[in-house]
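Trainee: I'd like to learn how to read cavities and metal sites in a model. Can you walk me through it?

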Amino acid sequence: MSIKPIVAYGDPVLKKKAQPIAQDDPQLKELLTDMWDTMYNAQGVGLAAPQIGRSLRLFVIDATPFAEEEPELDGFKKVFINAEILEEEGKEWLFNEGCLSFPELREDISRKPQIRIRYQDEEFNTHEEQYDGITARIIQHEYDHIDGKLMVDHFSPLKKTLLRKKLQNISKGSVNVSYPMKFPLRGGKR
Ligand code: NI
């Protein structure tokens, strides 16, 4: 087991557009183990590599906790390497999102309901698939991370102003969190 500290909002690595992963990357296997361990330890349904400080186009999803609401998500466990969202369609809908880099914050975010995505799995086989509903939503959230986009980037200027103090507390580490994190305005681990 190798649980890594999750980077909190305010760390520049979360704002960077992440780099593609090469097929012969010798560190990929270990990185994937760390990602799963870190995600499950934090009881997350998704985690992107920048959230553990690695600016790489990789995210993992295990959406099983949503299986009660959406039965097709039972056993939905996937690795997305070098993903590219090819299309987003439909009328935007609101869904309450959370993010491991923003403990204690949950906000309604508006996104389109259908996506088409191309990605590679851990054996570097290329897939092109369509998703909708909560599945698409989870993928869109994680995909944002590899493009350096965060929940706050979806907020209106007013919402951002109203949440300013809360966001500062996240960066400072003034939050209750049950998993190890790295806070940019505090430094070190917790
Ligand atoms: Ni997130």
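Mentor: We'll take the cavity and then the metal site. This is a predicted model, where local features need pLDDT of at least 70, side-chain atom pairs count only at pLDDT 80 or more, and totals for chains, interfaces and linings use all residues. Residues are numbered from 1 along each chain as its sequence is written, and side-chain values use heavy atoms, with hydrogens and water left out.

Trainee: How many cavities of 30 Å³ or more are there?

Mentor: Rolling a probe the size of a water molecule over the atoms shows where empty space is left. On a 1 Å grid over the protein atoms alone, a cavity is a set of points where a 1.4 Å probe fits but cannot get out, and lining residues have an atom within 4 Å of a point. Points join across faces, edges and corners, and a volume is the space filled by probe spheres set on them. Here the count is one, with a volume of about 40 Å³.

Trainee: Which element gives the most to the lining of the largest cavity?

Mentor: Helix α2 (residues 133-146), with three residues; helices are DSSP runs of H or I, at least four residues, strands of E, at least two, numbered from the N terminus. The lining includes His141, Asp144 and His145.

Trainee: Which protein donors does the nickel ion have?

Mentor: Donors are N, O and S atoms within 2.8 Å of the metal (3.2 Å for Na, K and Ca); water is not among the atoms, so sites may look incomplete. Cys99 (SG), His141 (NE2) and His145 (NE2) lie 2.1 to 2.2 Å from the nickel ion, spaced C-x41-H-x3-H. Cys99 lies in the loop between β5 (93-98) and β6 (106-111) and His141 in helix α2, so the pair ties together parts 42 residues apart in sequence.

Technical notes
1 Å grid on protein atoms, 1.4 Å probe; cavity = no way out; pocket = protein on both sides within 12 Å on 5 of 7 lines; lining within 4 Å.
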